[in-house]
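Visitor: I am new to this structure and would like a close look at a single part. Please take the helix packing, and then the aromatic rings.

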Amino acid sequence: MKHYVGIDLGGTNIKAVLVNERFERVRSRCVPTPVARGPETVFEHMIGLVEGLLDGASVDRAGLKGIGVGVPGLIDHRSGIVYDIKNFRWRETNVPAPLQRRFGVPVHADNDGALNALGEMLFGAGRGCKNLIVLTLGTGIGCGIVADGTPLRGRNNFAAEVGHMVIELGGERCVCGKRGCFEACCSAGALIRYAAGFAGEDEASFLRARTAGNLDRITGELIAEGYDLFDPACRDAMRLFSEKLSVGLVNLIDIFNPERIILSGGVSGAGHRLLDGVRPLVEANLMTPAQKCDIVTGELFSDAGALGACALAAQGEDR
């Protein structure tokens with residue numbers, strides 16, 4: 001039986017999934033991303049993940065037919081060359097080469113946002129949609145846009161870098177150097193920053209109590225827990241985050257007119273806490289009710305990118 005491996009290279013973790021030719025999950029693994037140790041070490045970890053998946057599932061190397069990789073930056077999906085990954089400080093890096101040398105199979109790489117969209121469109125919350133946007137709210141903001149059933153790529157394959165559109169003039173500085181980027185306002189780190197700011201002004205805050213006063217220990221899970229307990233700092237943080245997110249979503253709806261927007265990544269784990277605030281704000285700021293689209297959370301969660309990468313690997317074999 002044929003097998004494919006999909007790798008989602010994230011700023012925090014590297015996730016890899018092994019599937020068979022029916023796209024049934026066989027095994028998955030996840031390890032922290034050693035960004036600070038440079039690309040060679042990152043590639044060693046990726047190779048180790050693939051080897052561990054194959055050995056753990058007793059899959060013969062001859063059964064591996066392809067590998068797909070999603071990367072969080074500007075990449076030419078035809079060559080696999082990464083032009084720039086801001087959070088990694090990688091430039092002009094050939095992503096497929098080390099994996100091809102080790103495993104001797106075709107390796108295809110693409111932007112992680114595009115692969116998240118591919119994964120959700122084929123296997124998750126985007127099934128049946130031909131015009132959709134998938135936003136990955138994690139360490140940064142990834143985006144994949146599908147128009148009439150086809151991923152939108154642009155002239156240089158750099159389309160859908162919506163994380164770096166400015167939604168707040170003079171706002172927080174982004175890793176790209178600009179201020180007020182969507183990513184700087186609506187990443188997981190931004191939500192934590194908002195919560196820490198509100199908790200810092202409230203001595204009775206749930207977050208202060210749970211972190212023993214060390215607000216650097218705030219996590220998204222703690223914010224969700226405090227939200228459910230009606231903690232003011234957590235509620236205010238989610239409200240502010242939702243307001244900023246809605247600005248970006250309205251812009252995307254005005255430009256692309258999608259039938260569905262899927263929120264994925266770590267922040268989407270907030271579920272109704274996020275959607276209940278975002279949906280009415282977006283609806284209130286549309287030009288016409290005819291623009292209204294579904295805003296939902298993804299069904300595949302952290303697996304979307306890796307499963308999309310598996311699909312990329314299979315499509316690559318068919319080329």
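Guide: What follows covers helix α8 and its two packing partners, and then the aromatic pairs. The model is a predicted one.

Helix α8 covers residues 232-256, and helix α7 covers residues 220-228. The axes of these two helices are 7 Å apart, and the angle between them is about 110°. An angle of 65 to 115 degrees counts as roughly perpendicular, so α7 and α8 are roughly perpendicular to each other. Their crossing is left-handed. On the α7 side, the residues that meet α8 are Leu222, Ile223, Gly226 and Tyr227. On the α8 side, they are Cys234, Arg235 and Met238. Sorted by class, the residues of this contact are five nonpolar, one polar and one charged.

Helix α5, residues 188-200, also packs with α8. Here the angle is about 140° and the axes are 8 Å apart. The helices α5 and α8 are therefore oblique to each other. The crossing of α5 and α8 is right-handed. From α5, the contact takes in Leu191, Tyr194, Ala195, Phe198 and Ala199. From α8, it takes in Ala233, Asp236, Ala237, Met238, Arg239, Leu240, Phe241 and Lys244. Ten of the residues in the contact of α5 with α8 are nonpolar, none is polar and three are charged. Met238 of α8 is named in the contact with α7 and also in the contact with α5.

Now the aromatic rings. The count of aromatic pairs is five. In one of them, the ring centres of Phe43 and Trp90 are 5.5 Å apart and the ring planes stand at 40°, so this pair is tilted. Phe43 and Trp90 lie 47 residues apart and link distant parts of the chain. Phe43 belongs to helix α1 (residues 39-56), while Trp90 sits in the loop between β6 (81-84) and β7 (93-94). Are these two residues buried or exposed? Buried means under 20% relative accessible area. Phe43 has 8%, so Phe43 is buried, and Trp90, at 3%, counts as buried too.

Trp90 also pairs with Phe88. This pair is edge-to-face, with 5.2 Å from centre to centre and 85° between the planes. Phe88 has a relative accessibility of 6% and therefore counts as buried. Elsewhere, Tyr4, Phe23 and Phe123 form one aromatic cluster.

Methods:
Residues are numbered from 1 along each chain as its sequence is written. This is a predicted model: local features need pLDDT of at least 70, side-chain atom pairs count only at pLDDT 80 or more; totals for chains, interfaces and linings use all residues. Side-chain values use heavy atoms; hydrogens and water are left out. Axes are lines fitted to C-alpha atoms, for helices over the stretch in contact, and angles run from 0 to 180 degrees between N-to-C directions. Helices (H or I, at least four residues) and strands (E, at least two) are DSSP runs, numbered from the N terminus. Angles under 35 degrees count as roughly parallel, over 145 as roughly antiparallel, 65 to 115 as roughly perpendicular and the rest as oblique. A crossing is left-handed if the near helix is turned anticlockwise from the far one by less than a right angle, and right-handed if clockwise. Contact means heavy atoms within 4.5 Å. Ala, Val, Leu, Ile, Met, Phe, Trp, Tyr, Cys and Pro count as nonpolar, Asp, Glu, Lys and Arg as charged, and the others, Gly among them, as polar. Rings of Phe, Tyr and Trp (its six-membered ring) pair if their centres lie within 6.5 Å; planes under 30 degrees apart count as stacked, over 60 as edge-to-face and the rest as tilted. Buried means under 20% relative accessible area, exposed over 50%, partly exposed in between (1.4 Å probe, protein chains only).
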